[in-house]
Structure formats: C-alpha cells, structure tokens
Amino acid sequence: MGDDNPIYSPFFGVMGCASAIIFSSLGAAYGTAKSGVGIAAMSVMRPELIMKCIIPVIMAGIIAIYGLVVAVLLAAKLDSAENGYTLYMGFVHLGAGLSVGLSGLAAGFAIGIVGDAGVRGTAQQPRLFVGMILILIFAEVLGLYGLIVAIYLYTKVAS
C-alpha cells in the first residue's frame with residue numbers, strides 16, 4: 001500500500017454513494033410531500049383534477065432515481081485500499097455523489113414549491129396547467145444536470 005492508497009481512501013467513495021442517495025431522496029421526498037399537500041387542498045374543490053395534477057409528484061420521484069443510479073454505479077467500483085482503490089478515486093466518487101445529491105435536493109425543493117402552487121392555481125384557472133408543466137421541467141432539469149456531471153466524473157476513474 002503506497003501513498004496513493006491510504007486505508008481511508010474508500011471512506012470518500014462510500015460517502016459519495018451515501019450523499020447521492022440521501023440528498024436526492026431528501027429532495028424527492030420534499031417535492032412529493034409539498035406537491036401532495038397542494039393536491040390534497042386542490043382536490044377538495046376539484047376532485048376530477050387529481051390524476052392530471054399528479055405530475056409534480058412523479059417528477060419529484062424521478063429525482064430519487066437519479067441518485068439511486070449514481071449510488072449503484074459508485075458502489076460497484078468501491079473496493080479496499082489494498083485492492084487499488086486510490087485516494088483520487090475516493091475524491092472523484094465523493095464529488096460525483098455530492099453533484100447528483102445536492103442538485104437533486106435543490107430540484108426537489110423547486111418541484112415541491114412549483115407543484116404546490118401550480119396545482120392550486122390550476123384548480124382555479126385550468127390554463128395555468130401548461131405553464132406549471134414548463135416550470136416543472138425547468139426544475140427537473142437541475143437534477144439532470146447533476147446526474148450528467150456525476151456520470152462524467154464517474155467515467156474519469158472508470159477506465
């Protein structure tokens with residue numbers, strides 16, 4: 001074991017895995033809960049719109065899938081320091097996990113807030129639905145940016 005492979009090298013990779021799934025799941029949970037509250041409030045007056053307005057909840061759930069994909073990819077590359085898992089690999093894997101996790105957290109917050117206000121507004125004015133969907137897409141793509149960066153970082157050490 002050389003200087004490139006200290007015994008604590010895998011710790012950073014494990015923290016990258018954990019960060020990916022924890023933060024993205026937190027964002028997805030917040031987005032689901034906040035949108036769900038809006039759907040519940042809206043459905044009292046307009047129950048026929050429940051299925052149409054479930055889209056923010058679905059989009060929030062996709063954020064967690066981004067974190068799951070990255071966490072599984074990173075976990076597959078984890079190994080002990082004695083088997084060649086370098087400190088560089090640990091740091092890159094930590095960066096990948098934080099990238100998808102924190103961007104998923106931010107995207108989940110945005111989806112929750114937009115979903116809550118959007119479904120309530122759609123209940124009062126149905127023409128707001130298309131605008132709500134567009135704003136939700138812009139919020140969702142924030143999580144997708146984190147996924148792209150995480151996969152790019154993952155490929156830096158995959159070869």
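Helices α1 and α3 pack at an angle of about 0°, their axes 7 Å apart. Angles under 35 degrees count as roughly parallel, so α1 and α3 are roughly parallel to each other. Keep in mind that this is a predicted model. Below is a quick tour of that helix pair, the nonpolar core, the salt bridges and one tyrosine.

**The α1 and α3 contact**

- Sort the residues where α1 meets α3 and you get 22 nonpolar, 17 polar and three charged.
- On the sequence, α1 covers 9-45 and α3 covers 87-124.
- A salt bridge also joins this pair of helices: K34 sits in α1 and D116 in α3, so the bridge ties together parts that are 82 residues apart in sequence.

**The nonpolar core**

- The largest nonpolar core counts 28 residues, and V70, V100 and I111 have the most contacts inside it.
- Four helices feed this core with at least two residues each: α1 (9-45), α2 (55-77), α3 (87-124) and α4 (128-158).
- The top contributor is α4, which puts in eight residues.
- V70 is a handy place to start looking: leaving out residues up to four places away in sequence, V70 touches A20, A96, V100, L147 and A150.
- One of those partners, V100, is itself listed with V70 and I111 as having the most contacts inside the core.
- As background, nonpolar side chains tend to be buried together in soluble globular proteins.

**Salt bridges**

- There are three salt bridges in the structure.
- K34 and D116 meet through their side chains at 3.4 Å, N to O.
- R120 and D116 pair up as well, at 2.7 Å, N to O.
- R120 and D116 are four residues apart in helix α3, so about one helical turn separates them.
- Put those two pairs together and K34, D116 and R120 form a linked network of salt bridges.
- Burial varies within the network: D116 has a relative accessible area of 11%, so D116 is buried.
- K34, at a relative accessible area of 29%, is partly exposed, and R120, at 35%, is also partly exposed.
- The remaining bridge to look at is R46 with E48, whose side chains meet at 2.8 Å, N to O.
- R46 counts as partly exposed, with 25% relative accessibility.
- E48 has 53% relative accessibility, and the cut-off for exposed is over 50%, so E48 counts as exposed.

**Around Y88**

- Y88 belongs to helix α3, the helix that also carries D116.
- With 49% relative accessibility, Y88 counts as partly exposed; the exposed class begins over 50%.
- Y88 touches K156 and V157, not counting residues up to four places away in sequence.
- N5 is another residue to check here: Y88 and N5 are 83 residues apart in sequence, but 8.8 Å apart in space, C-alpha to C-alpha.

Terms used. Residues numbered from 1 in each chain as written. Predicted model: local features only at pLDDT ≥ 70, side-chain atom pairs only at ≥ 80, totals over all residues. Heavy atoms only, no water. Core = buried A, V, L, I, M, F, W, Y, C linked by side-chain atoms within 4.5 Å. Buried < 20%, exposed > 50% of the residue type's maximum accessible area, 1.4 Å probe, protein only. Contact = heavy atoms within 4.5 Å. Axes fitted to C-alpha atoms, helices over the stretch in contact; angles between N-to-C directions. Parallel < 35°, antiparallel > 145°, perpendicular 65-115°, else oblique. Nonpolar A, V, L, I, M, F, W, Y, C, P; charged D, E, K, R; others polar. Salt bridge = Lys/Arg side-chain N within 4 Å of Asp/Glu carboxyl O.
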